[in-house]
Amino acid sequence: MVSRPSPPRLLHSISLLLLLLLSIFHASDAATALVDKVCKQTSSYPFCVRSLYSDSRTPEADEYTLAYISVGVAYNNATSTQHYISDQLRSIKVNGSTHHDQQQRLQMCSRGYQRAVSALAMAHNDLDSETFFELARLAAKASSGANDCKAAFKGIPSPTALAKGNQDLVYLCEICGVVAKLFTRM
């Protein structure tokens, strides 16, 4: 025989469940408002929203978590692009190709992305130390690595994947810079 909760207990349980659901929706609304506030200050609102929500923590994120998310997404982009550049350089060497000009351009990109990855790793350490003072400067440094890579291909088209990686990193670093401003106003 299964016992059923008494009506007052059932009402109490339902009330607790509703309060829990309301608090979850309220936290989610606050995070949505925070993402909206940040993304409205960037040059590509849709890119910003899509990038931040690529992390499952975003719906409940506060300023600190959003800072970690933005740096993490930028770091992942920078390391992926860095690997792409390495693969392209390896391909040129393996094929014995005479694409000396392309190789020089990719080597410039490689140096820029080494700086970008290093800067974003330092930004993550800055977040861990809870100082936040260097976050904007380090994001700008990472962005300059992508811009240096773009400049290496000035006048000729860069590989599509590389052009996308560069543009995405610039946008992601812009997001990091906007998130950094949240901490300078506290």
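This passage walks through the helices, the nonpolar core and two buried polar residues of a predicted model.

The core makes a handy starting point. The largest nonpolar core takes in 48 residues, and those with the most contacts inside it are Val38, Leu52, Leu66, Tyr113, Leu169, Ile175 and Val179. Six helices each chip in at least two residues: H1 (7-39), H2 (45-52), H3, H4, H5 (135-152) and H6 (160-184). The largest share, 12 residues, comes from H6. Val38 gives a feel for how this core is wired. Leaving out residues up to four places away in sequence, Val38 touches Cys48, Leu66, Ile175, Val178, Val179 and Leu182; Leu66, Ile175 and Val179 also appear among the core residues with the most contacts.

Helix H4 spans residues 100-128, 29 residues in total, and reaches 42 Å from its first C-alpha to its last, close to the 42 Å expected at 1.5 Å a residue. After H4 comes Glu130, with a positive phi near 60°.

Ser110 sits in H4. With a relative accessible area of 14%, Ser110 counts as buried because that value falls under the 20% cut-off. Setting aside neighbours within four places in sequence, Ser110 is in contact with Ile85 and Leu89. Tyr84 lies 26 residues from Ser110 along the chain, and their C-alpha atoms are 9.5 Å apart.

Over in H3 (residues 63-94) is Asn77. Asn77 is buried too, since its relative accessible area is 13%. Not counting residues up to four places away in sequence, Asn77 touches Gly165, Asp168, Leu169 and Leu172. Of these partners, Leu169 is one of the core residues with the most contacts.

Notes: Residues numbered from 1 in each chain as written. Predicted model: local features only at pLDDT ≥ 70, side-chain atom pairs only at ≥ 80, totals over all residues. Heavy atoms only, no water. Helix = DSSP H or I, 4+ residues; strand = E, 2+ residues; numbered from the N terminus. Buried < 20%, exposed > 50% of the residue type's maximum accessible area, 1.4 Å probe, protein only. Contact = heavy atoms within 4.5 Å. Expected span 1.5 Å × (residues − 1). Core = buried A, V, L, I, M, F, W, Y, C linked by side-chain atoms within 4.5 Å.
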